Amino acid sequence: MIKRIINKLLWIPRKMYRITNAKREAVRLASSHNPKLKAIGEALGEALAASLSPEEKQLVDRIEQRRGFLLRSEKIIEVIDYGAGNADSRRTREEMNKGVRSTAVVGKVSQWSKPAFWALVLFKLVRKLEPNSSLELGTCVGISAAYLSAALQLNGKGRLLSLEGSPAIAEIARETLRDMKFENSSVITGPFYETLKASMESAKPIDFFFNDGHHDHDAVIQYFNESLPNLADQSVVVFDDISWNPGMRKAWVEIENHPQVSATIDLETIGIALISRHPARKEKFRMPL
Ligand SMILES: C[S@@+](CC[C@H](N)C(=O)[O-])C[C@H]1O[C@@H](n2cnc3c(N)ncnc32)[C@H](O)[C@@H]1O
């Protein structure tokens, strides 16, 4: 009880310390000679400062309005979850491949979307990195996909392919993207083990890959290994929820040490990896947020 109160009291100063530290690290990254790390540093700096041009703000505000609408929705839909369930679920591979069927309120499903700050990080990464081809695993109701599409639209180039297992959820994501009039993105429905290969084939070479789907050690490593031949040299892969459970943390450490990963930025919630075919050296940055 006392420990909980102390932790609550320390939350604000700890958070402020982390933000100050992350801002300092972002400046350091932004001064890198490597153009990709420089772009990532600038993106993180702008996201931390919530710095938005009027055009960016207009799109971000519209996406947040759509999020608000979905969060308030009491509509009930059928959900087929091909993922890992909760952080401490122990689903077998067979259960995950078959998919766990249930019904859920749209407002509740929409809570799975990345919160506004992390969605802004994705948006700024795409604004700075200017990818031609992007792939997302885990569309959900289309909030992160909308942020990515908005950034591509403002860049004036690039396409997004986003994959979602649950048909009813994928339909809501399509509505989100249609509502925003984004014509640079498509949602593919089906479990990743059925859709990923063909999607990568059509999207390759992929410059930006956001992996926010199946939060399971083996799945993350398997999909990462499958993605490698389809990723462009110097592409950027963002992994979500790298500290969600010990398995996800283990997967992240393996990715940090992978021979085709030349630099990593560990933000504790998400991890960013820079892919190089022949890395000369490895750089690791840590800025927990
Ligand atoms: C955390 S949510 C994605 C949130 C979304 N990226 C956002 O921020 O707006 C993960 C989504 O991945 C889907 N998913 C998880 N595992 C999957 C799998 N193996 N195949 C297909 N879809 C999967 C789930 O149905 C869920 O909608």
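## Around the ligand

In this predicted model, 20 residues surround the ligand. The nearest of them are K114, G138, S144, E164 and D212. By type, the shell holds 7 nonpolar, 9 polar and 4 charged residues.

## Contacts with nitrogen

Which residue places a polar side-chain atom 2.8 Å from a nitrogen atom of the ligand? That residue is S144, which is also listed among the residues that come nearest to the ligand. E136 offers a polar side-chain atom too, at 3.5 Å from a ligand nitrogen. F192 makes its approach through the backbone: one of its polar backbone atoms is 3.0 Å from a nitrogen atom of the ligand.

How much of the ligand does the protein bury? On its own, the ligand exposes 610 Å². The protein buries 95% of that area.

## The largest pocket

Where does the ligand sit? The space it takes is the largest pocket. This pocket holds about 890 Å³ of space. Its lining is made up of 41 residues. Closest to the pocket centre are D81, G83, G85, W112 and G213.

Several helices and strands each give two or more residues to this lining. The strands are β1 (76-81) and β2 (100-105). The helices are α4 (93-98), α5 (106-109), α7 (143-155) and α9 (192-203).

What kinds of residue line the pocket? The lining divides into 17 nonpolar, 15 polar and 9 charged residues.

## Two backbone details

Now look along the chain, away from the list of contacts. K204 and P205 are joined by a cis peptide bond. Its omega angle is about -5°. P205 belongs to the loop that runs between α9 and β6 (206-211). The helix before this loop, α9, is one of the elements that line the largest pocket.

C140 has a backbone feature of another kind. Its phi is near 50°. That is a positive value, and C140 is not a glycine. Where is C140 found? It lies in the loop between β3 (133-137) and α7. Helix α7 also gives two or more residues to the lining of the largest pocket.

Notes: Residues numbered from 1 in each chain as written. Predicted model: local features only at pLDDT ≥ 70, side-chain atom pairs only at ≥ 80, totals over all residues. Heavy atoms only, no water. Near = heavy atom within 4 Å. Polar contact = N/O pair within 3.5 Å; in protein donor to acceptor, adjacent residues only side chain to side chain. Areas by Shrake-Rupley, 256 points an atom, 1.4 Å probe, with all protein chains shown as cover. 1 Å grid on protein atoms, 1.4 Å probe; cavity = no way out; pocket = protein on both sides within 12 Å on 5 of 7 lines; lining within 4 Å. Sits in = over half its atoms within 2 Å of the grid points. Nonpolar A, V, L, I, M, F, W, Y, C, P; charged D, E, K, R; others polar. Points joined across faces, edges and corners; volume = space filled by probe spheres on them. Helix = DSSP H or I, 4+ residues; strand = E, 2+ residues; numbered from the N terminus.
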